[in-house]
Amino acid sequence: MGIDDIKTCPFLKAGLFIQPNGLTRACSQWGRPMRGLNSNFSIDNHITMVGNIDVGQSCVSCIIAEQNDGINSMRKLIDDRLWPKVTVSMSNTCNAACVICSETSSTRILEEKRRGNIMLEYPLDELRSYVDLAPRKKDLVIEAIRHYRAEYDRPVVLEVLGGDVSVDTHAMSLLNDLM
């Protein structure tokens, strides 16, 4: 498996992953975030940026996975057809503190860590709820889904991560607008 093989990854053409803090990637395994959601950000800009990225650095986890066992990479987990995928964490609003989670996906864990009850994984001054980014994320997700549907004439996979969608009003608003 080489760099040319990785360049065939569908996520490089039709993948958008929006982190809770608003930084974007082509997929959840992408090596480093590309940029945040500023007023100039659009799905077209995202596609252009992904196309110009050095996949040798950004796709390291898939390169290593495919060299080791050949199957456990994001690229190999999807079938040969291109199914565009949009993954978003609308916010980290959550009233649970699951042991497998972190403060980037749960405001409850963030509160406990601020009280000193749980050890921090991230610097406290960088942590917040990210709720203010939700309206911009919603607009971008809808734009991306419309773009991918028109471009590929296929269903688009929407994966909503982060806080608890049943208590996150922004996630529920997104889902309602898409129905």
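# A guided tour of the model

Among contacts in the protein between residues at least 6 apart in sequence, 60% join residues at least 24 apart. Keep in mind as you click around that this is a predicted model.

**Start with the whole chain.** Colour by secondary structure, and you should find nine helices and four strands. Read from the N terminus, the elements follow the order α-α-β-β-α-α-α-α-β-α-α-β-α. Of the 179 residues in the protein, 41% are buried.

**Next, select residues 43-51 and 134-152.** The 43-51 stretch is helix H3, and 134-152 is helix H8. How do their axes meet? They come within 9 Å and cross at roughly 70°. With roughly perpendicular covering 65 to 115 degrees, H3 is therefore roughly perpendicular to H8. Show the side chains where the two helices touch: H3 brings Ile43, Asp44, His46 and Ile47, while H8 brings Leu140, Glu143, Ala144, His147 and Tyr148. Sorted by character, the residues of this contact are five nonpolar, two polar and two charged.

**Stay on H8 and pick Tyr148 and Tyr152.** You have arrived at the one aromatic pair in the structure. The ring centres of Tyr148 and Tyr152 are 6.5 Å apart and the planes stand at 45°, so the pair is tilted. Tyr148 and Tyr152 are four residues apart in helix H8, which means that about one helical turn separates them. In general, an α-helix has 3.6 residues a turn, so residues three or four places apart point the same way. Now switch on a surface. Which of the two tyrosines is buried, and which is partly exposed? Tyr148 counts as buried because its relative accessibility is 0%, and Tyr152 counts as partly exposed at 22%.

**Step on to Asp153.** This residue lies in the loop between H8 and S4. Check its backbone angles: Asp153 has a positive phi of about 50° although it is not a glycine. That is worth a pause, because most residues other than glycine have a negative phi. With a relative accessible area of 67%, Asp153 is exposed.

**Follow the chain into strand S4 and stop at Val160.** S4 covers residues 157-161, with Val160 among them. A relative accessible area of 24% makes Val160 partly exposed. What does Val160 touch, leaving aside residues up to four places away in sequence? Its partners are Val88, Val165, Ala171 and Leu175. Add Met90 to the selection and draw a distance line between C-alpha atoms: Val160 and Met90 are 7.4 Å apart in space, yet 70 residues apart in sequence.

**Now go back to the loop between S3 and H7.** Strand S3 spans 85-89, and Cys101 is one residue to select in the loop that leads from S3 to H7. Cys101 counts as partly exposed, at 27% relative accessibility. Gly163 is 62 residues from Cys101 in sequence, and their C-alpha atoms are 9.6 Å apart.

In this loop between S3 and H7, also select Asn95. Leaving out residues up to four places away in sequence, Asn95 touches Arg108, Asp164 and Val167. From Asn95 to Arg108 the C-alpha distance is 5.2 Å, with their positions 13 residues apart in sequence.

**Finish at helix H7, residues 107-114.** Begin at its N-terminal end, which Ser106 caps. Zoom in on Ser106 to find a side-chain oxygen 3.3 Å from the backbone nitrogen of Arg108. Which residues of H7 are buried? They are Thr107, Ile109, Leu110, Glu112 and Lys113. Your last stop is Gly116, just after H7, where phi is positive at about 90°.

Methods:
Residues are numbered from 1 along each chain as its sequence is written. This is a predicted model: local features need pLDDT of at least 70, side-chain atom pairs count only at pLDDT 80 or more; totals for chains, interfaces and linings use all residues. Side-chain values use heavy atoms; hydrogens and water are left out. Axes are lines fitted to C-alpha atoms, for helices over the stretch in contact, and angles run from 0 to 180 degrees between N-to-C directions. Angles under 35 degrees count as roughly parallel, over 145 as roughly antiparallel, 65 to 115 as roughly perpendicular and the rest as oblique. Contact means heavy atoms within 4.5 Å. Ala, Val, Leu, Ile, Met, Phe, Trp, Tyr, Cys and Pro count as nonpolar, Asp, Glu, Lys and Arg as charged, and the others, Gly among them, as polar. Rings of Phe, Tyr and Trp (its six-membered ring) pair if their centres lie within 6.5 Å; planes under 30 degrees apart count as stacked, over 60 as edge-to-face and the rest as tilted. Buried means under 20% relative accessible area, exposed over 50%, partly exposed in between (1.4 Å probe, protein chains only). A polar contact is a pair of N or O atoms within 3.5 Å; within protein, one must be able to donate a hydrogen and the other to accept it, and residues adjacent in sequence count only if both atoms are side-chain atoms.
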